[in-house]
Amino acid sequence: MNKPIIALDFSSKQQVEEFLSRFNEPLFVKVGMELFYQEGPDLVRTIKAMGHDIFLDLKLHDIPNTVESAMRGLAKLGVDLTNVHAAGGVEMMEAAKRGLSGSETKLIAVTQLTSTSEEQMHSDQLIAASLHDSVLHYAKKAKQAGLDGVVCSVLEAAAISEACGESFMRVTPGIRPADAAADDQKRIATPQEARLKGSTHIVVGRAITKSENPAASYGQIKNEWSGLL
Ligand SMILES: O=C(O)c1cc(=O)[nH]c(=O)n1[C@@H]1O[C@H](COP(=O)(O)O)[C@@H](O)[C@H]1O
């Protein structure tokens, strides 16, 4: 079972170091925009040197040439996983993949954000399809572009596995323990539902980072995800 990916949604290196010091094991962590825009590539190198796996979540979405060049730079960081928005199109996703060539970094595409509801998608994006079909469509486009998988919600993971193959990654944020608040997320699920409904990876932020005891919360989520609870 893949380790839960902890979203390090902090604004400083100091906060990250304090948080990571509570764990005595190698983790799979996500560095997103908040942290990367404050601390830059140096912190990514520092976390890597500590022995943790890294998902660099910058959600690139631009013209193919710009994304390819940006990915060429990110490839040098040696992260394990990074992402683009599938809405950038197949040509952009292919360019992103070219930019990463020669590196070990896996590439996935965000389909519809887990903070998006079907009503919002209809009204904000003027997409007439169901949210499920939109996510599935983006997943097929990501597969066509040669990507390693997608970011989706647990609710779409099984259908994507069926359409794109079991080895195609389904990285699912919006994970909450059963009694926790949804916050700004719309398509949420528990770690147990993620395991039963076809996720290959779960991404967990606030349920761990805002916990009184992050290591204990991580342990509990990890056990539920692995089927040990
Ligand atoms: O690409 C992502 O990681 C991502 C995609 C998505 O659709 N939804 C989503 O929540 N995320 C990220 O996953 C994390 C979820 O955080 P929590 O809601 O605090 O667990 C955040 O860092 C988001 O940026």
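## A guided tour, beginning at serine 153

Select serine 153 together with its contacts: apart from neighbours within four places in sequence, these are Thr114, Thr172, Gly174, Arg187 and Ala189. The model on display is a predicted one. Serine 153 sits in the loop that joins β6 to α7. Is serine 153 buried or exposed? It counts as buried, because 28 C-beta neighbours lie inside 10 Å, and the threshold for a buried residue is 20 or more. Now add serine 11 to the selection. The two serines are 142 residues apart in sequence, and their C-alpha atoms are 25 Å apart in space.

**Helix α7**

Next, select residues 154-164, which form helix α7. Colour Val154, Glu156, Ala157, Ile160 and Cys164, the buried residues of this helix. Viewed down the axis of α7, these buried residues fall within an arc of 130°, so they line one face of the helix. To see what covers the buried residues of α7, display α6 (131-144), β6 (149-151), β7 (169-172) and α8 (191-196), which are among the covering elements. After the helix comes glycine 165, with a positive phi near 100°.

**The nonpolar core**

Turn now to valine 150. Which residues of the largest nonpolar core touch the most other members? They are Ala109 and Val150, in a core of 59 residues. Helix α6 gives the most to this core, contributing six residues. In soluble globular proteins, nonpolar side chains tend to be buried together. Leaving aside neighbours within four places in sequence, the contacts of valine 150 include Ala86, Ile108, Ala109 and Thr111. Also in contact with valine 150 are Tyr138, Ala139 and Ala142, as well as Ile160, Met169 and Arg170. Ile160 has already appeared on this tour, as one of the buried residues of α7.

**The ligand and its surroundings**

Select the ligand and the 20 residues around it; Ala7, Leu113, Pro173, Gly205 and Arg206 come nearest. By class, this shell consists of eight nonpolar, six polar and six charged residues. Highlight β3 (53-60), β8 (201-204) and α9 (206-209), each of which supplies at least two residues of the shell.

**Two residues with positive phi**

Most residues other than glycine have a negative phi. Two residues to select against that background are lysine 59 and leucine 126.

Lysine 59 lies in strand β3. Its phi is positive, near 45°. Lysine 59 is partly exposed, because 15 other C-beta atoms are within 10 Å.

Leucine 126 also has a positive phi, of about 55°, although it is not a glycine. Its place is in the loop between α5 (118-125) and α6. Is leucine 126 buried or exposed? With 7 C-beta neighbours inside 10 Å, leucine 126 counts as exposed.

**The whole chain**

Finally, clear the selections and display the entire protein, which has 10 helices and eight strands. Along its principal axes, the C-alpha trace spans about 45 × 40 × 30 Å. How does the radius of gyration compare with that of a compact globule, and what is its value? For 229 residues a compact globule would have a radius of gyration near 17 Å, and the protein agrees with this, having 17 Å. Buried residues make up 40% of the 229 residues. Among contacts with a separation of 6 or more, 66% are between residues 24 or more positions apart.

Conventions:
Residues numbered from 1 in each chain as written. Predicted model: local features only at pLDDT ≥ 70, side-chain atom pairs only at ≥ 80, totals over all residues. Near = placed C-beta within 6 Å. Helix = DSSP H or I, 4+ residues; strand = E, 2+ residues; numbered from the N terminus. Nonpolar A, V, L, I, M, F, W, Y, C, P; charged D, E, K, R; others polar. Buried ≥ 20, exposed ≤ 12 C-beta atoms within 10 Å, placed from the backbone. Arc of directions from axis to C-beta. Contact = placed C-beta atoms within 7 Å. Rg over C-alpha atoms; globule rule 2.2 N^0.38 Å. Core = buried A, V, L, I, M, F, W, Y, C linked by C-beta atoms within 7 Å.
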